[in-house]
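Colleague: I'd like a close look at one part of this model, with enough of the surroundings to place it. Here is what I'm looking at.

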Amino acid sequence: MSNRLNSIERNIYVTGFMASGKSTLARSLANELDLPYKDLDKEIEMRERQTIQKIFDHKGEAYFRNKEHSTLIDLTETFKGIVSLGGGALQDQHLVDLLKTKGILISVQAPFEKIVKRVQSSTERPILYDKEGKIKSEATLKTELKTLYSNRLRFYEQAQITLDTSEFESQQDLIKAAIDKIKRHV
């Protein structure tokens, strides 16, 4: 395969806000580059033996964030390949610096309205529900998403590579651009 990057010795971490397309891009890159792939959320679900939603419901967000942090630290030491991060995985500057030392950090951006629609169409996102388990209004959801995004943006902006999905006509074009940029960092 002409796109295979045999010289990659560091991990590739794909970050971005929820529903930005980071997992899709990370899986596609892993297939295209013939590299192992892990989804941080799926890894946590496997280790905890329950869904992210159930972890939030039964143990709370703080517990989940601690597990997310420790699982990601573990993956930096035990896994070589491409890792798709959860939207809130970059919790502090130390973690961002560590990931950039251990690998290449790619930030995926998508138009805000597209993110809102994707979140609304998924039943698995904890932010979609209020404390009583009912779906939030669109206005409430947009306000909360904007707040979260603005709080996390400073971490996403530190990635070595940034890809705005709205700049590409197809997923294949996005993958090609990502591979070209990765080649410049290895």
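To set the scene, about how much area does the protein expose, and what percentage of it do carbon and sulfur atoms supply? Then please take me to Leu90, in the loop between β3 and α4, and work outwards from there.

Modeller: Bear in mind that this is a predicted model: local features need pLDDT of at least 70 and side-chain atom pairs pLDDT 80 or more, while totals for chains, interfaces and linings use all residues. Numbering runs from 1 along each chain as its sequence is written, and side-chain values use heavy atoms, with hydrogens and water left out.

The exposed area is about 9,800 Å², and carbon and sulfur atoms supply 47% of it (Shrake-Rupley areas with a 1.4 Å probe; for residues, only the protein chains shown count as cover). Of the 186 residues, 43% count as buried (buried is under 20% relative accessible area, exposed over 50%, partly exposed in between, with a 1.4 Å probe and protein chains only). The C-alpha trace spans about 50 × 35 × 25 Å along its principal axes. A compact globule of 186 residues would have a radius of gyration near 16 Å, and the protein's 16 Å agrees (taken over C-alpha atoms; the rule is 2.2 Å times the number of residues to the power 0.38).

Seven helices and five strands make up the secondary structure, in the order β-α-β-α-α-β-α-β-α-α-β-α (DSSP runs numbered from the N terminus: helices are H or I of at least four residues, strands E of at least two).

Now for Leu90. This residue sits in the loop between β3 (82–84) and α4 (93–102), and at 3% relative accessibility it counts as buried. Setting aside neighbours within four places in sequence, Leu90 is in contact with Thr15, Leu85, Leu95, Val96, Leu99, Leu105, Phe155 and Tyr156 (heavy atoms within 4.5 Å). Phe155 is 65 residues away along the chain, yet its C-alpha atom is 6.4 Å from that of Leu90. The chain as a whole has plenty of long-range links: among contacts between residues at least 6 apart in sequence, 71% join residues at least 24 apart.

Two strands come next. β1 (residues 11–16) runs parallel to β4, and the two pair over six bridges (pairing takes at least two DSSP bridges). One of those links has Asn11 partnered with Gly103 of β4. Strand β4 (residues 103–109) is mostly covered, with six of its seven residues buried. β4 also pairs in the parallel sense with β5 (residues 161–164), over four bridges, and there Gln109 is partnered with Asp164 of β5.

Tyr156, which Leu90 touches, leads to the aromatics: Tyr156 forms one cluster with Phe17 and Tyr149. Three aromatic pairs turn up in the protein (rings of Phe, Tyr and Trp, using its six-membered ring, with centres within 6.5 Å; planes under 30 degrees apart are stacked, over 60 edge-to-face, the rest tilted). The rings of Phe17 and Tyr149 have centres 5.3 Å apart and planes at 85°, so that pair is edge-to-face. It links distant parts of the chain, with Phe17 in the loop between β1 and α1 (22–33) and Tyr149 in helix α6, 132 residues apart. Phe17 counts as buried at 1% relative accessibility, whereas Tyr149 is partly exposed at 25%. Another pair, Phe56 with Phe64, is tilted, at 5.1 Å centre to centre and 40° between the planes.

Helix α6 (138–156) has a partner in α5. In α5 (residues 112–120), Ile115, Val116 and Val119 are buried. Down the axis of α5 these fall within an arc of 100°, so they line one face of the helix (the arc is taken from directions between the helix axis and the C-beta atoms). An α-helix has 3.6 residues a turn, so residues three or four places apart point the same way. The buried residues of α5 pack against α6.
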